[in-house]
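Biologist: Can you walk me through this one? I'd like to go from the interface to the salt bridges.

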2 protein chains.
Amino acid sequence: MYTEPTTFSAEAYFASQPPPPTLQHDIERVREFAKRQKQEGRKVVLVTSGGTTVPLELNVVRFLDNFSAGTRGATSAEYFLKAGYAVIFMHRQFSLQPFSRHYSHSTNPFLDFLDIEPSKDGNTPVISVTPSKRSDLLEVLTMYKDVHKAGTLHTLTFVTVDDYLWLLRAVSQELSVLGRNAMFYLAAAVSDFFLPRQRMSEHKIQSGKGRLSIEMDQVPKILKPLVDEWTKDGYIVSFKLETDDNLLLPKAKAALKRYGHQVVIGNDLHRRKYEVVFVSPKSPSSKTTTDQSDDEFEEYWLRIPIPDTSGNVSPHQVKEIEEDIVAELLKRHSAWIDQAKTTS
Amino acid sequence: MYTEPTTFSAEAYFASQPPPPTLQHDIERVREFAKRQKQEGRKVVLVTSGGTTVPLELNVVRFLDNFSAGTRGATSAEYFLKAGYAVIFMHRQFSLQPFSRHYSHSTNPFLDFLDIEPSKDGNTPVISVTPSKRSDLLEVLTMYKDVHKAGTLHTLTFVTVDDYLWLLRAVSQELSVLGRNAMFYLAAAVSDFFLPRQRMSEHKIQSGKGRLSIEMDQVPKILKPLVDEWTKDGYIVSFKLETDDNLLLPKAKAALKRYGHQVVIGNDLHRRKYEVVFVSPKSPSSKTTTDQSDDEFEEYWLRIPIPDTSGNVSPHQVKEIEEDIVAELLKRHSAWIDQAKTTS
């Protein structure tokens with residue numbers, strides 16, 4: 001008989017919730033990818049991106065979701081690739097992806113910048129790119145093709161929070177072979193709550209029977225085993241999104257105290273595109289502990305001018321804050337790698 | 001003081017839940033569109049598509065959602081346009097859209113079929129379409145441009161179930177000027193439940209405080225006032241999606257009895273791409289009533305062969321069930337229009 005835990009530890013979670021059917025296949029691809037990048041001497045970053053769902057039914061029609069188009073993750077992945085990192089892009093199905101993100105169907109639909117030119121010789125007409133769009137597209141397309149040729153981008157897809165948790169554990173274990181050369185950039189908006197499979201209804205919940213009551217359990221704090229067990233040497237960046245400013249710094253510091261990882265990037269829902277704060281222990285070598293006082297953390301604010309949203313500016317002329325976030329992390333990651341060399 | 005109704009009638013709903021800020025602007029565009037289509041003698045179909053969200057917070061981070069990529073709606077809209085209808089495509093933000101749906105970023109990313117040809121004269125390289133993709137793209141692009149030129153597609157966007165309900169009411173009222181020449185093809189997966197604004201928390205719900213309990217109210221049955229008040233002459237097609245086969249026909253018939261509209265298209269979650277059932281009153285002139293017996297309805301099953309998913313077939317060679325659904329509805333809509341001429 002299944003007896004439900006009162007709260008789920010990571011261990012209890014994985015013992016009771018089933019893995020996604022494609023897990024083994026995904027693990028093998030990641031293993032090959034990590035091995036090749038190690039041989040070729042590249043640093044590797046795992047970028048997680050997009051929201052996770054919490055299905056309410058086994059034959060899922062309804063689910064709880066977290067707001068995220070995947071902009072932060074997709075944009076950052078591009079800058080990591082530009083900087084020479086190999087990227088495992090683990091994203092929510094249908095969320096934005098590096099490169100194609102520039103051509104969302106809603107804001108910049110690609111059909112709008114293709115022209116049909118009547119053929120000169122009476123044969124089939126020719127499709128061409130509208131002149132004003134050519135240089136932007138050429139830049140994106142060139143980078144896209146270079147990355148594919150170099151084999152430095154590996155994409156993984158998740159939908160539910162369960163998919164996400166299983167994949168994160170597996171990928172972090174595989175990346176441990178890279179030691180300090182692996183970075184974890186955990187930008188996905190992961191649900192704090194889930195509905196254990198044992199409590200899901202089989203079929204679509206019927207309406208017409210009054211109110212709907214849902215009771216969800218807390219998702220285990222996955223950063224703890226990630227830091228302590230799965231990837232002891234990885235450089236770990238987590239994100240904290242809040243809508244209440246007063247909570248941002250206290251919650252970022254609480255996360256560092258609790259999990260002992262390297263940096264929390266805090267962002268406010270409404271200002272996240274032009275302001276973030278890096279919160280980290282003052283001395284990166286000192287292990288954070290739960291009894292650490294708040295003045296042992298440093299805050300580094302990163303801001304860019306609020307972008308012109310008049311629509312007159314080409315998307316490629318707009319500064320993206322992810323460019324600066326990634327640049328700052330490259331420095332910190334290098335220092336983290338060097339530090340190990342000094343002490344060993 | 002706000003006193004919450006025990007159950008929400010449509011009237012109580014609109015009296016207590018705020019309209020989306022863009023509603024007035026959207027209404028004016030729809031009014032112009034309907035007027036022009038009427039002048040030009042076109043039939044108009046409102047296609048709703050995609051799922052609706054139910055935000056849990058005013059500064060929304062978490063929401064309940066309904067599974068729907070928007071395939072049914074986007075595909076059907078294309079066939080209505082091909083048949084000469086003007087289409088109001090009212091869809092969930094980021095769900096699939098007519099034409100661009102053929103080039104999803106996940107399954108058929110457009111960057112993959114663009115080539116960079118080195119320039120012959122030493123200038124900028126030229127972007128061209130991969131030869132094997134040209135004819136499919138030319139077909140889609142030609143239709144896309146024709147529709148834009150003719151001005152027969154008007155797109156509206158919703159996110160929440162609240163946006164959806166306000167928009168549906170407004171659009172149906174505007175389309176009433178078209179009388180029987182308006183069709184309503186309500187393919188969106190609309191939430192049966194919502195959280196009244198008055199009960200939402202202002203900020204992101206915090207974790208770390210045990211289980212999450214959500215209690216939601218029933219969304220008012222909007223088909224009732226749609227049929228009885230907002231658009232008395234429109235031809236109304238609603239959809240019923242179930243995961244339990246045994247519920248499909250009873251629920252479709254119950255909906256017709258309750259709302260008295262023209263047809264319910266029933267589909268099973270797992271077979272919806274190759275099997276649907278049209279359920280309608282046997283005599284289209286007879287008004288359905290709640291005391292109608294089940295044998296006064298007719299069922300018309302529409303099936304296509306289960307498609308080859310080996311991936312070797314061009315998307316344009318695969319038969320889409322929406323082609324047949326739309327063809328069947330065109331006949332029924334014409335009969336509905338003619339019937340009014342005979343009796344008047």
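Modeller: One cut-off before we start: buried means under 20% relative accessible area, and exposed means over 50%. By that rule Arg303(A) is exposed, with a relative accessible area of 53%. Keep in mind that this is a predicted model.

Biologist: Okay. What does Arg303(A) form a salt bridge with?

Modeller: With Glu275(A). The closest N and O atoms are 2.9 Å apart. Glu275(A) sits in strand β13 (residues 275-281) of chain A, and Arg303(A) in strand β14 (residues 297-303) of chain A. The two residues are 28 residues apart, so the pair links distant parts of the chain.

Biologist: And Glu275(A), buried or exposed?

Modeller: Buried, at a relative accessible area of 14%. Its partner Arg303(A) is exposed.

Biologist: On to the interface. How many residues does each chain put into the contact?

Modeller: Chain A gives 65 residues and chain B gives 65 residues.

Biologist: What area is buried between chain A and chain B?

Modeller: About 6300 Å². Carbon and sulfur atoms give 58% of that area.

Biologist: How many salt bridges and polar contacts are there across it?

Modeller: The rule finds six salt bridges between chain A and chain B. For polar contact, the count is 21 residue pairs, with both residues at pLDDT 80 or more.

Biologist: Which elements make up chain A's side?

Modeller: Those giving two or more residues are β3 (62-66), β5 (114-117), β6 (126-129), α4 (134-150), β10 (212-218), β11 (235-242) and α7 (245-259) of chain A. The most comes from α4(A), with eight residues.

Biologist: What is the residue mix on that side?

Modeller: On the side of chain A that touches chain B, 29 residues are nonpolar, 18 are polar and 18 are charged.

Biologist: You listed β10. What does β10(A) pair with?

Modeller: With strand β10 (residues 212-218) of chain B. The pairing is antiparallel, over five bridges. As one example of the register, Leu212(A) stands opposite Met216(B).

Biologist: Which salt bridge does Arg211(B) form with chain A?

Modeller: One with Asp217(A), where the closest N and O atoms are 2.9 Å apart. There is also a network here: salt bridges that share partners join Arg199(A), Glu215(A), Asp217(A) and Arg211(B).

Biologist: How many salt bridges does the structure hold over all chains?

Modeller: It holds 44. Take Arg62(B) and Asp192(A), whose closest N and O atoms are 2.5 Å apart. That pair crosses between chains. Arg62(B) is in strand β3 (residues 62-66) of chain B, and Asp192(A) is in the loop between β8 (182-186) and β9 (193-194) of chain A.

Biologist: Are those two residues buried or exposed?

Modeller: Arg62(B) is buried, with a relative accessible area of 0%. Asp192(A) is buried as well, at 19%. The limit is under 20%, so Asp192(A) still qualifies.

Biologist: Now the inside of chain B. How many residues of β4(B) are buried?

Modeller: Seven of its seven residues are buried. The strand covers residues 86-92.

Biologist: What does β4(B) pair with?

Modeller: Strand β1 (residues 44-49) of chain B is one partner, parallel, over six bridges. Leu46(B) stands opposite Ile88(B) there. Strand β7 (residues 153-158) of chain B is another, also running parallel and joined by six bridges. In β7(B), Phe158(B) is the bridge partner of Arg92(B).

Biologist: Which acid does Arg92(B) form a salt bridge with?

Modeller: Asp65(B), with the closest N and O atoms 3.0 Å apart. Arg92(B) lies in strand β4 and Asp65(B) in strand β3 of chain B, so the salt bridge ties together parts that are 27 residues apart in sequence. Both ends are buried: Arg92(B) at 14% relative accessibility, and Asp65(B) at 4%.

Biologist: Last one. Where is Thr75(B) found?

Modeller: In helix α3 (residues 71-82) of chain B. Thr75(B) is buried, with a relative accessible area of 1%.

Biologist: And what is Thr75(B) in contact with, leaving aside its neighbours within four places in sequence?

Modeller: Arg101(B), Glu320(B) and Glu322(B).

Definitions and conventions. Residues numbered from 1 in each chain as written. Chains lettered and ligands numbered in written order. Predicted model: local features only at pLDDT ≥ 70, side-chain atom pairs only at ≥ 80, totals over all residues. Heavy atoms only, no water. Contact = heavy atoms within 4.5 Å. Buried area = accessible area lost by both parts, 1.4 Å probe. Salt bridge = Lys/Arg side-chain N within 4 Å of Asp/Glu carboxyl O. Polar contact = N/O pair within 3.5 Å; in protein donor to acceptor, adjacent residues only side chain to side chain. Helix = DSSP H or I, 4+ residues; strand = E, 2+ residues; numbered from the N terminus. Nonpolar A, V, L, I, M, F, W, Y, C, P; charged D, E, K, R; others polar. Pairing = 2+ DSSP bridges. Buried < 20%, exposed > 50% of the residue type's maximum accessible area, 1.4 Å probe, protein only.
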